[in-house]
Amino acid sequence: MKTMNILVINNYGQFCHLIHRTIRDLDMDTSMISNTSSVEDILSKGPDGLVLSGGPTLERAGNCAQYIKEIDLPILGICLGHQVMARTFGGEVGPGKYGGYAEVAVEILEQDDILQGMAPRTSVWASHADEVKTLPEGFIRLARSEICEIEAMKHETRPLYGVQWHPEVAHTEKGKDLFLNFFKVCEDS
């Protein structure tokens with residue numbers, strides 16, 4: 001695989017720097033960019049893909065909805081990034097019943113694209129303080145768990161992907177595989 005330029009959009013999450021480091025350690029070029037950057041600023045950096053990091057609240061997601069709507073590149077939303085993606089397309093986001101950050105057994109429903117090689121189940125670390133409650137129009141559910149019906153999703157026609165969990169943390173099984181699968185999507189786009 002060739003070296004890709006993957007920009008990490010900083011949504012002020014506790015693991016944003018870890019996402020950046022994981023991508024760098026997987027031999028990709030990467031920069032961390034403020035979520036208040038303009039679309040033009042982002043495109044001027046010549047990215048092959050974007051990763052929308054986790055973060056504390058939807059209100060602090062800056063211009064992420066604009067990036068999702070206007071930037072025609074592969075985008076991976078992690079936790080808050082996943083939720084912003086869902087809300088941008090009309091999905092509902094709300095508090096999860098189980099809240100805090102913990103290990104979750106995820107059932108892979110569709111191995112398509114970013115979840116290749118992860119079926120039938122994988123163990124991940126995720127926060128469910130907020131979660132996607134209803135699948136947005138034009139999206140396919142990729143994974144679920146006993147505590148959340150939409151753990152992962154993808155757009156039907158655009159290379160937009162969201163996961164509730166944190167693939168960048170060491171305790172998530174196959175987290176690096178998820179990133180490598182996303183890089184393959186970027187390379188093929």
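Which residue just after helix 1 takes a positive phi? Keep that in mind while we look around, and remember that this is a predicted model.

Let's start with helix 1, which covers residues 16-25. Look for its buried residues: you should find Cys16, Ile19, His20, Thr22 and Ile23. Seen around the helix axis, these residues cover an arc of only 165°, which puts them on the same side of helix 1. If you are new to helices, here is the background. An α-helix has 3.6 residues a turn, so residues three or four places apart point the same way.

What lies over that buried side? The cover includes four strands: strand 1 (5-10), strand 2 (29-34), strand 3 (49-52) and strand 4 (75-78). Helix 5, residues 175-188, is also part of what covers these residues.

Now back to my opening question. The residue is Asp27, and its phi is about 70°.

Next, please turn to the sheet. Nine strands form it, and it is an open sheet with mixed pairing. Going across, the order is 2-1-3-4-9-8-7-5-6. Which strands stand at the edges? They are strand 2 and strand 6 (121-134); each has a single partner strand, so one side of each is left without a neighbour in the sheet. On average, neighbouring strands in this sheet are turned by 20° against each other, direction ignored.

Let's zoom in on one parallel pair. Strand 3 and strand 4 run parallel and are joined by three bridges. You can find Leu52 opposite Gly77 in strand 4. Helix 5 comes back here, because it packs on the sheet, where it touches strand 1, strand 3, strand 4 and strand 9 (160-163). The direction of helix 5 makes about 155° with that of strand 4.

My last stop is strand 7, residues 139-145. Is strand 7 mostly covered or mostly uncovered? Mostly covered: five of its seven residues are buried.

Strand 7 has antiparallel pairings to show you. With strand 5 (residues 92-108), strand 7 runs antiparallel, and three bridges join the two. There, Val106 stands opposite Ser145 in strand 7. Strand 7 also runs antiparallel to strand 8 (residues 152-155), and four bridges join this pair. Here you can spot Ile140 opposite Lys154 in strand 8. Strand 7 and strand 8 form a hairpin, with six residues between them.

That's my tour. Thanks for listening, and do ask me anything!

Terms used
Residues numbered from 1 in each chain as written. Predicted model: local features only at pLDDT ≥ 70, side-chain atom pairs only at ≥ 80, totals over all residues. Heavy atoms only, no water. Buried < 20%, exposed > 50% of the residue type's maximum accessible area, 1.4 Å probe, protein only. Arc of directions from axis to C-beta. Contact = heavy atoms within 4.5 Å. Pairing = 2+ DSSP bridges. Axes fitted to C-alpha atoms, helices over the stretch in contact; angles between N-to-C directions.
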